[in-house]
Every structure is written in structure tokens, then in C-alpha cells.
Amino acid sequence: MPTPTLNPHLPFGENKQADWYGKDILSVKQFSRADLEYVFGVAHEMRGMVERIGTFDLLKGKILANLFYEPSTRTSSSFIAAMERLGGSVISINEVKYSSVSKGESLPDTIRTLECYADVIVLRHPETGSAAIAAKAAKKPVLNAGDGVGEHPTQALLDTFTIMEELGRLDNITVTMLGDLKYGRTVHSLARLLTNFTNVKLNYVSPDILKMPKEVMDEVGEKNVPQTEHSSLDKVLAETDVLYVTRVQKERFEDPADYEKVKGAYVIDPEIMKHAKKDMIVMHPLPRVGEISTDFDDDPRAAYFRQMEYGLYVRMALLAMVLGKA
Ligand code: NCD
């Protein structure tokens with residue numbers, strides 16, 4: 001798939017994709033292939049702008065409310081950096097214990113408050129469906145930065161952008177997802193988003209108690225994307241173009257004894273990776289807690305640090321799009 005570019009003869013503001021202006025981004029289900037090509041084109045352009053001039057004034061005067069009810073390093077700071085690189089500013093609330101949430105304020109009321117002061121709201125929350133509840137309460141766009149075990153659409157967009165930039169294609173790929181496929185929201189979104197491409201094959205490798213949810217597999221199956229399930233990497237590593245490793249989501253287990261049983265189930269290291277292709281990539285949404293040995297970090301196939309950087313450009317693109325500037 002060629003990476004589309006914006007019309008270079010028009011300033012950013014004139015390349016307006018009216019479709020996204022004022023919209024919420026709650027689920028990857030909102031994105032068609034054409035939408036993805038558009039996002040990647042804008043993100044690619046953002047990359048060039050950041051590399052050439054660093055910070056510019058596309059969203060000057062606009063304010064982002066960055067509301068995080070769950071821990072975050074990358075998602076939170078990349079949204080802040082994205083807004084500031086576009087010349088906007090940020091109200092950051094990541095210690096909700098210091099906000100009125102600790103006094104028992106409801107999510108809709110907190111959202112209604114923040115939209116009095118901001119033009120766009122980014123929300124991370126532990127409950128599935130919370131982003132949709134926030135979006136219902138808000139007139140301003142709400143971007144889902146992870147709703148419990150539900151979805152993480154901006155991560156899946158940056159994941160697919162990473163694959164596009166690294167492998168040059170999203171069609172004709174075999175993607176192997178490894179680890180906690182039950183509680184990992186990033187893989188729920190990524191599997192769904194990959195159904196927009198042709199000749200994609202998905203392999204799921206997990207312990208028995210952490211399998212990909214049936215709901216996600218049914219949706220992917222309806223789009224006729226082949227899926228296979230495994231408990232070991234052995235059979236699928238050699239055919240894999242993208243190995244997407246995930247952390248076991250300790251905080252989401254009902255019984256801590258179950259976590260003890262499966263933690264450390266898989267560890268990617270240089271020895272195992274001898275069995276993989278030379279031109280494949282290893283991705284991870286991060287944080288990692290031992291699933292990828294640091295000994296592998298210098299391998300050119302280790303794309304997880306570059307993946308974080310791509311996240312900045314994708315989040316710049318999304319902010320510009322919902323604020324009507326891309
Ligand atoms: C992920 C998340 O929060 O879902 N991290 C991220 O956004 N980069 C993955 C995780 O926490 O394991």
C-alpha cells in the first residue's frame with residue numbers, strides 16, 4: 001500500500017478531512033482502510049515536520065485535557081508532546097486522587113468540567129466502555145487512551161503505522177500476538193484493525209487462561225481473516241512478519257495465584273529469535289516486565305523503541321484531525 005501524502009501545495013489547514021472534525025475516537029471499528037491511509041499520510045507528514053522544524057503552530061491556542069485514571073508513561077507523555085509540538089497546551093490530570101474524582105465526582109461530571117476549559121479530551125480509565133460514557137457527556141471530542149480491557153485505538157493506529165513504516169506494507173503479513181491476549185487491550189484493538197488489510201494471517205500464542213476473547217475472534221473471523229491459536233511459539237515463529245509481544249496484565253487478575261502461574265510464560269531472547277526471519281519485526285506496546293530480554297534490544301528487528309516514537313506522530317495526526325486542522 002503506498003503511503004499517501006497530503007497535497008504539499010496547501011498549508012496543513014487546507015488539507016482538511018472534514019470527516020474527523022469534532023469526532024470522538026473510541027474504537028478501531030470507526031476506521032476504514034481509507035481512513036487508515038489518511039491517518040498514516042498525516043502521521044508521515046508530522047514525522048517530516050518534527051524532523052525538520054520540531055515544533056510548529058498548527059494547534060496554537062488549542063487546549064488538550066489529558067485525563068488518566070490509570071498509570072501511563074508513553075500514552076500520556078506522547079499526547080502531551082504531540083499537543084505541544086503542534087503549538088497547543090495541555091491540562092494534565094494523572095493523579096486523580098488530587099482532583100475532585102477523589103471526592104466522588106462522577107466521570108460525566110469530570111468530563112463536563114474539563115470541556116469547559118479544553119478543546120479535546122484524552123481519557124484513560126479502568127472500566128471498559130468508559131470512553132463511550134465520557135463521549136456521551138461531552139460536546140468536545142474524546143479520544144480513548146485505553147478503557148480497561150476494552151480497546152486502545154490510538155495504540156493500534158500507531159502499531160499499524162509502525163508496521164507500515166518498518167515493513168512498507170500491511171497486506172500480505174503474518175502477525176503473531178504473544179502473551180496476555182485476554183486482558184491486553186492493545187491486541188484486542190490491533191487484531192480488529194488488521195482486518196482492514198488483505199491476506200493478513202493472525203496467530204495467537206498464549207497460556208490457556210489468557211486466550212484471545214471469543215468476542216474479538218468472532219469479529220475478526222467475520223472479516224474472513226485466518227486465525228490460529230497456540231500455546232507455544234515453535235510452530236509459528238518462522239512464518240511471522242510481526243511478533244507482537246505483550247505484558248501479562250497483573251493488575252487485571254481476579255486471583256493473584258493465577259498471575260503467578262503464567263508470569264514469565266514466554267521470554268523472547270536472541271537464541272529464540274535465530275528461528276525467525278531476518279526481515280521481520282518485534283513489537284511491544286511497553287512497558288515490558290521481562291517478556292523481551294534486553295539482550296535482544298540491539299537487534300535491528302527490535303522495533304519496540306521506534307514504535308514509541310511513531311506514537312508521537314500518530315497522536316499529532318489524530319489531534320490535528322479531530323480539531324479540524326488536518
Ligand atoms: C499498554 C496499555 O496501557 O494498554 N501500554 C501502552 O499504552 N503503551 C500495554 C500495557 O500496559 O501492558
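**Close-up views of the ligand site and the domains**

**View 1. Composition of the shell around the ligand in the predicted model.** Sorted by class, the residues that form the shell around the ligand comprise three nonpolar, five polar and three charged residues. The residues around the ligand are T75, R124, H152, Q155, R185, T186, R247 and Q249, together with P285, L286 and P287.

**View 2. Polar side-chain contacts to the ligand from H152, Q155 and R247.** The side chain of H152 places an N or O atom 2.7 Å from an oxygen atom of the ligand, and a polar side-chain atom of R247 is found 2.8 Å from a ligand oxygen atom. For Q155, the partner is a nitrogen atom of the ligand, which lies 3.3 Å from a polar atom of the Q155 side chain. Taken on its own, the ligand has 320 Å² of accessible area, and the protein covers 93% of this area.

**View 3. The pocket that holds the ligand.** The ligand takes up the space of the largest pocket, and the residues around the ligand include R185, T186 and L286.

**View 4. The two assigned domains of the chain.** According to the domain assignment, domain 1 consists of residues 13–151 and 309–322, whereas domain 2 spans residues 153–308. The C-alpha centres of domain 1 and domain 2 are 24 Å apart, and across the boundary 34 residues of domain 1 are in contact with 32 residues of domain 2.

Notes: Residues numbered from 1 in each chain as written. Predicted model: local features only at pLDDT ≥ 70, side-chain atom pairs only at ≥ 80, totals over all residues. Heavy atoms only, no water. Near = heavy atom within 4 Å. Polar contact = N/O pair within 3.5 Å; in protein donor to acceptor, adjacent residues only side chain to side chain. Areas by Shrake-Rupley, 256 points an atom, 1.4 Å probe, with all protein chains shown as cover. 1 Å grid on protein atoms, 1.4 Å probe; cavity = no way out; pocket = protein on both sides within 12 Å on 5 of 7 lines; lining within 4 Å. Sits in = over half its atoms within 2 Å of the grid points. Nonpolar A, V, L, I, M, F, W, Y, C, P; charged D, E, K, R; others polar. Domains from an automatic or database assignment. Contact = heavy atoms within 4.5 Å.
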